[in-house]
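Please open the model in your viewer and keep the selection tool at hand. The stops below tell you what to select next and what is found there.

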Amino acid sequence: VRRETVLQLLTLAGIVVGSFFLHSCMAGPRYHEPVTVGEVAAPPRILVGLGKFVRVDAAPLLVRGDYAIHGDKGVIERGRGMSAPVELRWQDGVRVGAIATSEPIVRIVPAADGDLEVGGIRYRGELHVMRDDDKGGAPKITLANQIDLEGYLKGVVGSEMSLSQGIEALKAQSIAARTYAMFEVKSRTLRTVKGEKFDVYDDDRSQVYLGIKNESARAIEVVDATRGMFMIYNGRIFKTFFSSTCGGSTEPAHIVLGREADDIPPLNGTRCGDGVHAYCEGSKHFRWTVTLMKVDLVKKLFPDKPQTAIERIEITRKLAGGHAWEIAITVAGSSKKVTMGANDGFRRRVDPRVIKSTLWEDLQEDAEKVVITGRGWGHACGLCQYGAYRMAELGFSAVQICENYYPQAKVQKLY
Ligand SMILES: [Zn+2]
């Protein structure tokens, strides 16, 4: 029934035609190159773009012990202890401490793991400093941390998850985080689609990673306990999205997140609960109310027409799990309604931290304001983090939690 409802919605929205077009005959970068199980035999190295130092002029660097600076053809210099900025200098060459080089990529490799510090954060692995001209063609540098995938996950688990929660929930999330990262490494989508020079961002554009900062004994335990475990569907690794609190149902990722997501059963939405209670109802984001002033909405939604007066906002289409998919806004003096996506068009443009989700139970308005009562936080695709915490409390295993939120996918250990 759910599948049929989704299909009806798709047909209504005319997205069937759109997605056929995207999948089969659109020229240009593809989001989902298939990543097969056979491609994964050992933890790869992952290149994590440091979000604060993407296309900048300089960045503060500290190396504590022995280190080597590598260029394309080998070691440029060895040294011990360095506290200096890396900078772009001298006809676009890269300067690291006392060394200047015209190489497009310079690698700073500490002898001891964890001796590297960039912008006050310590990292395992090595630092890549890459020439990366900005969109206007001005020369810049981008910094990325290269580390093995399992080491990276220890930082992610400590940053993305609430470590006081049950171990099975944390293990489930580490499996999802590992699968997501592996997909990004193998499919190279940030490089082909976004033009970046690395595999993942270190912030919520991918998964939050702060080097060693948030590593802890428990984060390490969780990652080690699930080493090499991935979500597999049909012999393939897929992009395992997750969000904080779904509100009771997850939604089809390819509709909510667009062509970044595969249209496959594990990502097409499922129930988060036992039919009576939502698993995530213990989340502090489970129910919320927000008051939005209409003058502020106009500034964000109609920046070119500040005189616009919003008369009425209504939901015109919903997804199978109840999240608003499209809204229509009636403005004074116009007989035509302005329609927009509830998430990308409305929530993201207004403020996704204030409007926590598009699962709206109630929408009240008067001339000045709109009051939305809603449930959940985030895009509600894939694993629901608070739902996973509750499932662990109820005695479900990590594998059961994963297989609940990614229906028809199985957990497999690949190394
Ligand atoms: Zn949930």
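Begin by selecting A380, which counts as buried because its relative accessibility is 0%, where buried stands for under 20% relative accessible area, exposed for over 50% and partly exposed for what is in between, with a 1.4 Å probe and protein chains only. A380 sits in the loop between β21 and β22, and although A380 is not a glycine, its phi is positive, at about 60°. Most residues other than glycine have a negative phi.

Before moving on, note that this is a predicted model, in which local features need pLDDT of at least 70 and side-chain atom pairs count only at pLDDT 80 or more, while totals for chains, interfaces and linings use all residues. Residues are numbered from 1 along each chain as its sequence is written, and side-chain values use heavy atoms, with hydrogens and water left out.

**The zinc ion**

Next, select the zinc ion together with C246, C272, C280 and C384, whose SG atoms are its protein donors and lie 2.3 to 2.4 Å from it. Donors here are N, O and S atoms within 2.8 Å of the metal (3.2 Å for Na, K and Ca), and since water is not among the atoms, sites may look incomplete. The angles among the 4 donor atoms run from 104 to 114°, and the site is tetrahedral, a label given to four donors if all angles lie between 85 and 135 degrees. Along the chain, the donors follow the spacing C-x25-C-x7-C-x103-C. C272 belongs to the loop between α7 (253–256) and β16 (287–293), whereas C384 belongs to strand β22 (residues 383–384), so this pair ties together parts that are 112 residues apart in sequence. Helices (H or I, at least four residues) and strands (E, at least two) are DSSP runs, numbered from the N terminus. C272 and C384 are both buried.

**Strand β21**

Now select T373, which lies in strand β21 (residues 369–375) and counts as buried because its relative accessibility is 17%. Leaving aside neighbours within four places in sequence, T373 is in contact with R287, W288, T289, L359, W360, E361 and D362, contact meaning heavy atoms within 4.5 Å. If you add V290, you will find its C-alpha atom 6.5 Å from that of T373, although the two residues are 83 apart along the chain.

**Helix α4 and its partners**

Which helix should you select with α4 (residues 167–187) to see axes 9 Å apart at an angle of about 65°? The partner is helix α6 (residues 217–225), and the axes here are lines fitted to C-alpha atoms, for helices over the stretch in contact, with angles running from 0 to 180 degrees between N-to-C directions. α4 and α6 are therefore roughly perpendicular to each other; angles under 35 degrees count as roughly parallel, over 145 as roughly antiparallel, 65 to 115 as roughly perpendicular and the rest as oblique. At this packing, I167, L170, K171, S174 and R178 in α4 meet R218, E221, V222, V223 and A225 in α6.

Keep α4 selected and add helix α10 (residues 385–393), which packs with α4 at an angle of about 140°, the axes being 7 Å apart. That angle makes α4 oblique to α10. The residues that meet are E168, A169, L170 and Q173 in α4 and Q385, A388, Y389 and A392 in α10. Q173, which lies in helix α4, counts as buried because its relative accessibility is 1%, and, not counting residues up to four places away in sequence, Q173 touches M161, L383, Q385 and Y389.

Then swap in helix α11 (residues 398–405), whose axis comes within 8 Å of that of α4 and crosses it at roughly 55°. α4 and α11 are therefore oblique to each other. The contact is made by E168, A169, K171, A172 and I175 of α4 and by A398, I401 and C402 of α11.

**Two last stops**

Select R188, found in the loop between α4 and α5 (189–194). R188 is not a glycine, yet its phi is positive, at about 55°, and R188 counts as partly exposed because its relative accessibility is 44%.

Finish at I46 in strand β2 (residues 45–49), which is buried, with a relative accessible area of 0%. Not counting residues up to four places away in sequence, I46 touches N145, Q146, I147, L149, Y152, A181, V185, D199 and V200.

Note on methods:
Tetrahedral: all angles 85-135°; square planar, octahedral: opposite > 155°, others 65-115°.
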